[in-house]
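This report describes a single protein chain for the bench reader. The account begins with an internal space and then moves outward to individual residues.

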Amino acid sequence: KEECIGFATLPDQIHRKVIKKGFHFTIMVVGESGLGKSTLINSLFMTDLYQDRKIVGVEDRLDSTVSIHAQNLDIEESGVKLRLTIIDTPGFSDSLHGKDSIDPIEEYIDQQFHQYFQAESGLNRKNIQDSRVHCLLYFVSPYGHGLKPLDVECLKRLHHKVNIIPLIAKSDTLTKSEITRHKAKVLQDIKDHGIKAYDFPECDPDESADFKRQDAELKAAIPFAVIGSNAVTEIAGKRIRARVYPWGVIEVENEKHCDFSKLKRMLIGTHLQDLKDVTEEYHYENYRAQCIQTANN
Ligand code: GDP
Ligand code: MG
């Protein structure tokens, strides 16, 4: 059986809650230019590999990152519909203007809160368009040692506004032991700089042993080492997304090769609802409290 995204096969509790609250989810990608942001988005959501999945309403594929680019994607899997909004941002570089390129990203996130706040205080509160960003995938370079100054700056400006999930980009360029070392360094840097990344919730004690094991493996893999590819290759009669090298083939969705599948499963599967809840109850509440405070001063 081909693997599908899996939001139609969520644990019952999560599934019911998600269906009830509506299935709209917004993801943003941020990081240095050339780290594979656009490619990963394509790999995550534009896959033409799954026969039982319909992708409706794709506006256009993301190729160049010239400005903030929002794209809506309606995915249907086993009769369950999910509207995804994917926001690709201009990659920045450690150049003179590095810091400036954080501004539009921060403004975008604030703007969505602002719109929601206005709509919520208005008369027609029934049909609010919710464009708040639920999750930010932050791409860390595989070549550096941990976080760069610009990464620290960017993360510190955004961490109280959005759920940050750190990724090691292009992890096929690193060996297994390099990945382990790099992950540890990134986690240490995050801690040392007081950066607050998305806090993965404790696993429900009522979950199955299988689910608990998966949850533990997921947490152990943070920051996820990912690989993206727009190329589909055929192995043993199966079409798979991969990067092909003279010395071998690296499969994007093979968990032995990288953490791509883990990321995909948590994002639009097991942790989708928690990412939405934390956005609502923590990040948006922060914003709201500030608005009210400013208005009262
Ligand atoms: P962006 O600027 O962050 O959006 O980066 P792109 O997605 O445009 O990718 C930049 C280049 O890196 C392209 O040539 C991609 O084919 C390549 N690339 C993307 N993802 C990966 C990856 O996981 N591994 C490797 N080795 N190259 C990648
Ligand atoms: Mg791009």
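## The largest cavity

The largest cavity is lined by Phe211, Gln214, Asp215, Leu218, Lys262, Arg265, Met266, Thr270 and His271. Two elements each give two or more residues to this lining, namely helix H6 (209-220) and helix H7 (260-270). The model is a predicted one, and the structure holds one cavity of 30 Å³ or more. The space in the largest cavity amounts to about 70 Å³.

Sorted by class, the lining of the largest cavity comprises three nonpolar, three polar and three charged residues. Rolling a probe the size of a water molecule over the atoms shows where empty space is left.

## Overall architecture

The chain contains eight helices and ten strands. Of its 297 residues, 48% are buried. Among contacts with a separation of 6 or more, 70% are between residues 24 or more positions apart.

The chain exposes about 14900 Å², and 50% of that area is supplied by carbon and sulfur atoms.

## Helix H6 and the turn to strand S7

Glu217 belongs to helix H6. With a relative accessible area of 35%, Glu217 is classed as partly exposed, because the partly exposed class lies between the limits of 20% and 50%. The C-alpha atoms of Glu217 and Lys262 are 8.7 Å apart, although the two residues are separated by 45 residues in sequence. Lys262 also appears in the lining of the largest cavity.

Pro223 is located in the loop between H6 and strand S7 (224-225). The peptide bond leading from Ile222 to Pro223 is cis, with an omega near -10°.

## Helix H2 and strand S8

Helix H2 (residues 37-45) is mostly covered, with eight of its nine residues buried. These buried residues are Lys37, Ser38, Leu40, Ile41, Asn42, Ser43, Leu44 and Phe45.

One of them, Ser43, can be related to a residue distant in sequence. Val232 and Ser43 lie 189 residues apart in sequence, yet their C-alpha atoms are 9.9 Å apart in space. Val232 is part of strand S8 (residues 232-235), and its relative accessible area of 34% makes Val232 partly exposed.

## Asp130 and its surroundings

Is Asp130 buried or exposed? Asp130 counts as buried because its relative accessibility is 18%, and the cut-off for a buried residue is under 20%. Asp130 occupies a place in the loop between helix H3 (103-121) and strand S5 (135-140).

The side chains of Asp130 and Arg132 are joined by a polar contact of 2.8 Å. When neighbours within four places in sequence are set aside, Asp130 is in contact with His24 and Tyr116.

## Backbone angles at two loop residues

Lys170 has a phi near 45°, which is a positive value in a residue other than glycine. Lys170 is situated in the loop between strand S6 (164-168) and helix H5 (176-192), and it is partly exposed, with a relative accessible area of 30%.

Ala236 is not a glycine, yet its phi is positive, at about 50°. Ala236 is placed in the loop between S8 and strand S9 (238-245). How far is Ala236 buried or exposed? The relative accessible area of Ala236 is 81%, so Ala236 is exposed.

Definitions and conventions
Residues are numbered from 1 along each chain as its sequence is written. Chains are lettered from A and ligands numbered from 1 in the order in which they are written. This is a predicted model: local features need pLDDT of at least 70, side-chain atom pairs count only at pLDDT 80 or more; totals for chains, interfaces and linings use all residues. Side-chain values use heavy atoms; hydrogens and water are left out. Helices (H or I, at least four residues) and strands (E, at least two) are DSSP runs, numbered from the N terminus. Buried means under 20% relative accessible area, exposed over 50%, partly exposed in between (1.4 Å probe, protein chains only). Contact means heavy atoms within 4.5 Å. Accessible areas come from the Shrake-Rupley method with a 1.4 Å probe; for residues, only the protein chains shown count as cover. On a 1 Å grid over the protein atoms alone, a cavity is a set of points where a 1.4 Å probe fits but cannot get out, and a pocket is an open set with protein on both sides within 12 Å along at least five of seven lines; lining residues have an atom within 4 Å of a point. Grid points are joined across faces, edges and corners, and a volume is the space filled by probe spheres set on the points. Ala, Val, Leu, Ile, Met, Phe, Trp, Tyr, Cys and Pro count as nonpolar, Asp, Glu, Lys and Arg as charged, and the others, Gly among them, as polar. A polar contact is a pair of N or O atoms within 3.5 Å; within protein, one must be able to donate a hydrogen and the other to accept it, and residues adjacent in sequence count only if both atoms are side-chain atoms.
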